[in-house]
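User: I would like to go through this model and ask, term by term, what each description rests on. Please set the values against the cut-offs as we go.

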Number of protein chains: 4
Amino acid sequence: MNSFGRIFRISIFGESHGECIGITIDGCPAGLLLTPEDLLPDLERRKGGKQKGTTPRQEEDLPIFKSGIFNGKTTGFPITILFENKNTRSEDYNKQRSIPRPGHADWVAHQKFGGNEDYRGGGHFSARLTTGIVAAGAIAKKLMSDLTIQAEVTEIAGEKDLEKGLQRAIDAKDSVGGIIECRVNGLPVGLGEPYFDSIESVLSHILFAIPAVKGVEFGAGFAASKMFGSEHNDAIENMEGKTRTNHAGGIVGGISNGNELIFRLAVKPTSSTPKEQNSLNWDTGNTEDFSIKGRHDLCVALRAPVIVEAVTALVLADFMLLEQKIKRIL
Amino acid sequence: MNSFGRIFRISIFGESHGECIGITIDGCPAGLLLTPEDLLPDLERRKGGKQKGTTPRQEEDLPIFKSGIFNGKTTGFPITILFENKNTRSEDYNKQRSIPRPGHADWVAHQKFGGNEDYRGGGHFSARLTTGIVAAGAIAKKLMSDLTIQAEVTEIAGEKDLEKGLQRAIDAKDSVGGIIECRVNGLPVGLGEPYFDSIESVLSHILFAIPAVKGVEFGAGFAASKMFGSEHNDAIENMEGKTRTNHAGGIVGGISNGNELIFRLAVKPTSSTPKEQNSLNWDTGNTEDFSIKGRHDLCVALRAPVIVEAVTALVLADFMLLEQKIKRIL
Amino acid sequence: MNSFGRIFRISIFGESHGECIGITIDGCPAGLLLTPEDLLPDLERRKGGKQKGTTPRQEEDLPIFKSGIFNGKTTGFPITILFENKNTRSEDYNKQRSIPRPGHADWVAHQKFGGNEDYRGGGHFSARLTTGIVAAGAIAKKLMSDLTIQAEVTEIAGEKDLEKGLQRAIDAKDSVGGIIECRVNGLPVGLGEPYFDSIESVLSHILFAIPAVKGVEFGAGFAASKMFGSEHNDAIENMEGKTRTNHAGGIVGGISNGNELIFRLAVKPTSSTPKEQNSLNWDTGNTEDFSIKGRHDLCVALRAPVIVEAVTALVLADFMLLEQKIKRIL
Amino acid sequence: MNSFGRIFRISIFGESHGECIGITIDGCPAGLLLTPEDLLPDLERRKGGKQKGTTPRQEEDLPIFKSGIFNGKTTGFPITILFENKNTRSEDYNKQRSIPRPGHADWVAHQKFGGNEDYRGGGHFSARLTTGIVAAGAIAKKLMSDLTIQAEVTEIAGEKDLEKGLQRAIDAKDSVGGIIECRVNGLPVGLGEPYFDSIESVLSHILFAIPAVKGVEFGAGFAASKMFGSEHNDAIENMEGKTRTNHAGGIVGGISNGNELIFRLAVKPTSSTPKEQNSLNWDTGNTEDFSIKGRHDLCVALRAPVIVEAVTALVLADFMLLEQKIKRIL
């Protein structure tokens with residue numbers, strides 16, 4: 001349940017305020033040069049505290065390789081990477097325990113796991129788990145150095161001017177959501193299948209695994225629903241399959257067509273808003289006003305692009321291995 | 001690759017103009033009363049030719065049970081259902097073979113499968129394959145008679161007045177897209193997991209497997225990206241988890257929270273528009289004007305709601321079995 | 001549950017006395033020339049009634065391709081093959097219904113499936129289901145024409161002289177078991193993994209899926225337990241990895257070493273012996289004497305070699321695809 | 001590839017002389033009381049150095065819980081357990097690098113992974129990886145406290161008197177193999193399926209994942225091949241399904257029948273024999289005499305029973321969850 005992928009496969013574990021979080025990557029080809037330093041740039045991008053609107057919680061996020069690397073190269077066996085949790089302030093969470101935070105998983109986790117869940121900092125639900133995913137994504141990117149995978153925030157709080165959007169949040173003392181767009185260039189033709197293994201299916205699966213994502217669209221996406229067929233269809237221009245327009249976002253019939261892969265995600269506003277809220281108190285059975293403690297992002301979308309790139313790279317590496325576009329030994 | 005599900009698992013096969021299409025359902029509990037008639041109402045809804053804007057191709061779509069049923073009940077073993085293809089007019093397609101149809105999989109299929117694909121009527125890519133999925137969905141619905149799963153078209157060609165939207169297509173002699181919304185009531189709390197087995201992940205996976213779907217959003221979806229946290233968060237009102245609003249669409253942390261499950265899909269306009277188009281001719285290497293032959297839907301969204309319900313039921317039945325909310329023997 | 005394989009994947013369905021049995025093969029590369037005739041030689045070997053000691057039930061076993069073949073070649077999409085059940089005599093089974101047959105699954109099936117199982121002729125438990133597996137195996141063999149996969153009965157009723165062993169059964173008017181040995185030549189080095197994806201693990205998994213198999217051993221197998229290490233170890237003789245002896249049966253550390261792959265299976269005597277037996281009558285709750293009706297093999301091992309070859313071919317094709325030794329498009 | 005199980009699922013990682021080895025257990029029900037101490041008795045049984053004939057390499061094998069436990073209970077999320085490698089003497093292995101050890105994976109690993117494998121102490125191939133499996137098995141056992149799962153060595157070097165068998169090895173200054181038998185009591189009726197999910201299939205899969213196992217048989221096993229049907233069939237005696245004999249080993253049609261589950265494994269002699277051997281030297285291309293360095297077991301079968309119990313428990317827990325005999329929350 002906490003694994004994803006078919007040949008290139010990841011498994012995540014850990015809790016926000018436990019000892020560590022981590023990831024195991026199975027099925028990575030042997031012979032890839034890999035050092036912890038290779039992962040740092042993407043890990044750095046994911047970190048909070050570096051830009052306005054992100055959490056002041058600071059973790060070093062140094063990847064600790066536990067297996068699968070020998071003499072500076074991947075061995076072809078599982079790569080396990082740990083990240084220690086050092087900067088935890090669990091006491092913030094204990095105080096709020098009687099009020100399941102709206103927008104958070106507190107209430108459902110309690111019901112589903114019978115009160116056994118580690119609730120501190122969101123436990124296993126925490127976006128801190130994405131640290132491992134970013135590390136795995138950096139490995140997948142390294143496997144596919146011919147591809148460019150670039151995600152960016154294109155809207156905050158409904159504003160395309162990001163500064164402005166963020167200012168709205170700061171002014172309102174409230175959290176906000178955003179839109180992320182990702183583009184991939186250099187993809188070979190022929191990845192994906194019709195139906196259940198369509199690129200859209202597999203990508204959306206893992207994109208919706210990113211906390212706070214509530215919408216995914218490919219190419220023209222929701223706008224396509226308002227278009228005419230003659231307008232939406234991408235005419236093919238040459239024998240390489242280049243299309244005049246790219247409303248399909250590079251995927252037709254579930255399969256990559258060699259044009260730019262484009263998709264967008266809707267990220268909801270951070271559930272932990274600084275605003276006062278009113279919700280159920282478990283102990284009393286009544287609703288009451290309260291404020292969220294802890295250190296949180298005003299806009300989680302800001303830290304998400306590198307996560308989006310990571311999961312995209314993971315999915316593409318898996319398809320590339322299945323289609324024998326990446327060798328098992330490098 | 002053509003299978004989906006973990007405990008309640010479907011596998012599809014067949015081609016649009018081959019002898020038949022079909023589906024195998026594995027993992028269905030034993031002891032469910034089941035006759036072909038149980039499947040007819042949903043199959044009827046999926047059929048073309050019954051409403052304005054859908055294809056005149058008429059198939060009887062009578063489900064032929066080949067296995068897994070004994071004495072009118074499911075046995076617990078694989079249920080294979082065939083649907084014969086009778087009303088095929090493959091000659092329509094042979095003529096167009098030199099021009100890969102824009103918006104269709106002709107070009108990518110040819111590249112990916114080396115020219116071995118059955119191109120007639122879209123072959124395995126055809127939405128005709130969804131007939132089996134609708135049949136499987138009807139079985140899943142029967143397993144969960146406490147749930148109501150209802151999908152409907154809420155927009156055609158950007159119009160909420162559906163007649164008006166369809167008229168736009170007819171007037172323009174062009175195909176159009178639409179929006180489908182699905183609501184599920186009666187879900188227990190606790191289906192789904194954080195991360196890769198979130199309800200959003202698994203549902204979107206199979207929703208994007210439906211041909212022509214290019215966007216999926218849950219709850220407030222893309223609109224959430226423009227909201228403040230205090231606005232988006234659904235306050236919990238009582239000990240049963242009922243929320244004041246439902247921007248989350250019934251899913252928090254990937255897990256059902258007992259409120260109505262709501263999601264929407266964007267369906268692109270039918271690729272086979274009646275309009276003249278200009279695209280590559282494989283034989284000449286040049287682009288040229290041409291018109292699509294064959295019998296097609298002006299708006300595929302019109303036939304899609306029952307397919308959306310079907311895949312939703314399949315996913316939920318699987319989660320219910322995993323969570324032991326449905327017994328293995330009824 | 002009724003599927004097996006990772007890339008080259010089979011799914012079986014059907015019941016002994018239902019309308020048909022069948023198989024779907026997913027993940028077969030596109031472009032393989034394939035006609036029903038290609039499958040006949042192996043299907044013929046599997047058939048009963050051709051040799052002394054096998055069931056007189058005669059089925060034509062003509063494979064009916066339902067999907068995945070176009071213009072005489074595989075398309076890369078699921079291949080579904082049906083075999084009609086024509087020569088059924090279900091009345092034989094109705095009479096025995098009150099006595100669950102010892103050695104058969106009657107009793108456990110009834111408990112597990114709550115009486116919903118199709119009990120006629122063993123239903124889904126019947127070895128008739130192996131017809132589809134043999135067909136799939138013939139396809140896998142055709143994919144790997146460089147390999148020779150040969151299984152044979154090496155012992156019947158404890159006798160290496162097979163005529164003699166069979167005569168023991170005929171004289172005793174009782175069914176008997178046997179040993180099958182399979183040898184594969186031409187395997188590349190490097191298929192398989194240590195631990196869960198060892199060749200032994202994956203092969204034994206599917207070998208034990210063959211009805212009546214109760215033991216599997218590789219290379220020296222059980223005899224290895226009596227050997228000294230210096231005796232059992234296969235010294236490597238040259239840079240190609242050829243070993244002086246082959247006690248490992250061609251697999252070291254779970255991985256093929258380029259030497260002959262050798263393994264053996266123990267097949268129990270046919271449960272449906274002609275001998276009178278004494279066992280529980282469900283209706284009375286008491287044990288009683290009875291005789292098995294129906295048409296059965298005196299020694300099921302006689303028909304099993306081609307099934308053993310088939311499952312071996314399926315496993316090897318899957319490993320070959322994973323290791324990119326077989327292309328996705330031929 | 002390094003994972004096993006469907007609902008209760010394990011993933012192993014690590015190398016013999018790397019920093020650690022470990023395991024992740026996903027799908028364990030929430031609410032199980034669990035401390036490191038619960039795992040110690042089984043880990044102790046697996047350790048070398050405690051009995052005659054086992055390796056003097058001593059590791060503390062203290063399980064370090066990294067995730068999935070909170071307030072002394074399982075949370076329902078992945079449990080990752082590490083075991084540090086402290087007592088490594090890798091220099092022993094560097095010296096032998098030019099001679100791939102017969103019976104070991106040195107040669108195949110080198111071919112398969114292109115020289116990138118961690119060869120020290122067998123790397124990922126090492127039986128040290130079974131430490132994690134034993135820990136996971138102890139958790140599975142705790143989930144099923146009603147079952148008794150007991151494995152023992154029944155033969156060493158062909159001798160049922162184990163002291164005598166071991167003395168043969170000591171006298172010959174050679175390693176030896178053995179037979180292990182495992183018995184499970186208390187199993188419910190109805191675990192397993194015909195064909196690919198038969199208990200024999202799934203159990204043998206993981207049993208052959210244990211290093212050095214070369215044969216597996218259930219019930220009468222290979223001896224069944226010499227029996228008459230009337231002799232082998234287990235007559236049913238009462239409505240609970242108790243059988244007069246148990247040649248089937250508690251499994252009929254792939255399904256547990258409520259009688260004792262019995263199976264046996266053949267373990268080959270330790271590949272690292274103290275005897276001088278003659279095999280290929282990679283550097284010279286010629287064969288030569290040499291002796292194995294390092295610390296090794298004379299008979300690996302001696303340490304294997306607890307591993308056999310562990311993998312049996314893992315498989316049974318998975319079947320029990322699938323059949324809803326174990327709840328998701330305790």
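Analyst: What follows is a set of questions and answers on a predicted model, beginning with a single chain and ending with the relations between the copies.

User: What makes chain A as compact as a globular protein of its length?

Analyst: The secondary structure of chain A consists of eight helices and 15 strands. Its radius of gyration is 21 Å, and the globule rule gives 20 Å for 330 residues; the two values are close, so chain A is as compact as a globular protein of that length. The C-alpha trace of chain A spans about 65 × 55 × 35 Å along its principal axes, and 68% of the 330 residues count as buried. Among contacts in chain A with a separation of 6 or more, 71% are between residues 24 or more positions apart. The accessible surface of chain A is about 10,200 Å², with 49% of that area belonging to carbon and sulfur atoms.

User: How many disulfides does the structure hold, and how do you know that B:Cys182 is in none?

Analyst: Over all chains there are zero disulfides. For B:Cys182, the nearest cysteine sulfur is that of B:Cys299, 17 Å away, whereas a disulfide requires the two sulfur atoms to lie within 2.5 Å; B:Cys182 is therefore in no disulfide. In chain D, the sulfur of D:Cys182 has its closest cysteine sulfur in D:Cys299, at 17 Å, which is too far for a bond.

User: Why is D:Cys182 called buried or exposed, and what about B:Cys182?

Analyst: The term buried applies under 20% relative accessible area. D:Cys182 has a relative accessibility of 0%, so it counts as buried, and B:Cys182, with a relative accessible area of 0%, is buried by that cut-off.

User: Where is D:Lys66, and why is it called buried?

Analyst: D:Lys66 is in the loop between β4 (64-65) and β5 (69-70) of chain D. Its relative accessible area is 14%, which is under the cut-off of 20%, so D:Lys66 is buried. Leaving aside its neighbours within four places in sequence, D:Lys66 is in contact with A:Glu19, A:Cys20 and A:Leu82, as well as with D:Thr80 and D:Leu82.

User: Why is B:Thr287 called partly exposed?

Analyst: Partly exposed covers the range between the 20% limit for buried and the 50% limit for exposed, and B:Thr287, at 34% relative accessibility, therefore falls in that range. B:Thr287 lies in strand β15 (residues 287-290) of chain B. When neighbours within four places in sequence are left aside, the contacts of B:Thr287 are A:Ile236, A:Glu237, A:Arg244, B:Asn278, B:Ser279, B:Leu280 and B:Asn281. The C-alpha atom of B:Thr287 is 44 Å from that of B:Ala138, which is 149 residues apart from it along the chain.

User: What makes β1 and β4 of chain B stand at the edges of their sheet?

Analyst: In chain B, five strands form an open sheet in the order β1-β2-β3-β7-β4, with antiparallel pairing. β1 (3-4) and β4 (64-65) each have a single partner strand, so one side of each is left without a neighbour in the sheet. For β4(B), pairing with strand β7 (residues 79-84) is antiparallel and runs over two bridges; at least two bridges are needed for strands to count as paired. B:Phe65 has B:Ile81 as its bridge partner in β7(B).

User: Why is strand β9 of chain D called mostly covered, and which strands pair with it?

Analyst: Six of the eight residues in β9 (residues 178-185) of chain D are buried. Eight bridges pair β9(D) in the antiparallel sense with strand β8 (residues 148-156), where D:Ile156 stands opposite D:Gly178. Seven bridges join β9(D) to strand β13 (residues 261-267), again antiparallel, with D:Ile180 opposite D:Leu265.

User: How do you know that chains A and B are related by a two-fold axis, and what about chain C?

Analyst: A rotation of 180° with 0.0 Å of shift along its axis superposes chain A on chain B, at an RMSD of 0.0 Å, and that is the relation of a two-fold axis. Of the interface residues of chain A, 99% are also interface residues in chain B, so these copies meet through the same surface. Chain C can be laid on chain A by a turn of 180° and a shift of 0.0 Å along the axis, with an RMSD of 0.0 Å. The residue of chain C closest to the rotation axis is C:Gln324, at 3.2 Å for its C-alpha, and 100% of the contact residues of chain C recur in chain A.

Definitions and conventions:
Residues numbered from 1 in each chain as written. Chains lettered and ligands numbered in written order. Predicted model: local features only at pLDDT ≥ 70, side-chain atom pairs only at ≥ 80, totals over all residues. Heavy atoms only, no water. Least-squares fit on C-alpha atoms with pLDDT ≥ 70 in both. Contact = heavy atoms within 4.5 Å. Buried < 20%, exposed > 50% of the residue type's maximum accessible area, 1.4 Å probe, protein only. Helix = DSSP H or I, 4+ residues; strand = E, 2+ residues; numbered from the N terminus. Rg over C-alpha atoms; globule rule 2.2 N^0.38 Å. Areas by Shrake-Rupley, 256 points an atom, 1.4 Å probe, with all protein chains shown as cover.
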